[in-house]
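Work through the exercises below with the sequence and the coordinates open side by side. Each task is followed by a solution in steps.

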Amino acid sequence: MTEPVVIVPYDSDWPRQFEQERRLLAGVVPGPGAVIVHIGSTAVPGLGGKPVIDIMMGVPALADVE
């Protein structure tokens, strides 16, 4: 890694940014049952972190999204 990791103060806009991405992902994942969650430091209110919105998605069956 050639660039330093930069930690920034908490940004109250991070939840809105996640919700925007969650809606986009929900629109392209077929069928019910997908779970899309905000993870990592940006998901913790008041905690500083890398300014990257980390998202994890789970689906009932991998075949549903292949």
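**Exercise 1.** In this predicted model, locate Thr42 relative to the strands and decide whether Thr42 is buried or exposed.

*Solution.* Begin with the chain, where Thr42 is found in the loop between strand 1 and strand 2. Next take the relative accessibility of Thr42, which is 1%. Because buried means under 20% relative accessible area, Thr42 counts as buried.

**Exercise 2.** Determine which residues Thr42 is in contact with, leaving aside neighbours within four places in sequence, and which backbone oxygen the side chain of Thr42 reaches.

*Solution.* Listing the contacts beyond those neighbours gives Tyr10, Trp14, Lys50, Val52, Ile53 and Asp54. Turning then to the polar atoms, one finds that the side chain of Thr42 reaches the backbone oxygen of Val52 at 3.5 Å.

**Exercise 3.** Identify the residues that form a nonpolar patch on the surface, and state which element contributes the largest share of the patch.

*Solution.* The patch is formed by Val35, Val37, Ile39 and Met56, which together have about 310 Å² of accessible area. Assigning its members to elements shows that strand 1 (residues 35-39) supplies the largest share, 3 residues. Ile39 lies in strand 1, and with a relative accessible area of 32% Ile39 is partly exposed.

**Exercise 4.** Place Val65 along the chain, classify its accessibility, and find the separation between the C-alpha atoms of Val65 and Ala34.

*Solution.* Val65 belongs to the segment after strand 2 (54-58). Its relative accessible area is 36%, so Val65 is partly exposed. Although Val65 and Ala34 are 31 residues apart along the chain, their C-alpha atoms are separated by 9.8 Å.

Technical notes:
Residues numbered from 1 in each chain as written. Predicted model: local features only at pLDDT ≥ 70, side-chain atom pairs only at ≥ 80, totals over all residues. Heavy atoms only, no water. Patch = residues over 30% accessible without salt bridge, like charges linked within 9 Å, V, L, I, M, F, W, Y side chains within 5 Å. Areas by Shrake-Rupley, 256 points an atom, 1.4 Å probe, with all protein chains shown as cover. Salt bridge = Lys/Arg side-chain N within 4 Å of Asp/Glu carboxyl O. Helix = DSSP H or I, 4+ residues; strand = E, 2+ residues; numbered from the N terminus. Buried < 20%, exposed > 50% of the residue type's maximum accessible area, 1.4 Å probe, protein only. Polar contact = N/O pair within 3.5 Å; in protein donor to acceptor, adjacent residues only side chain to side chain. Contact = heavy atoms within 4.5 Å.
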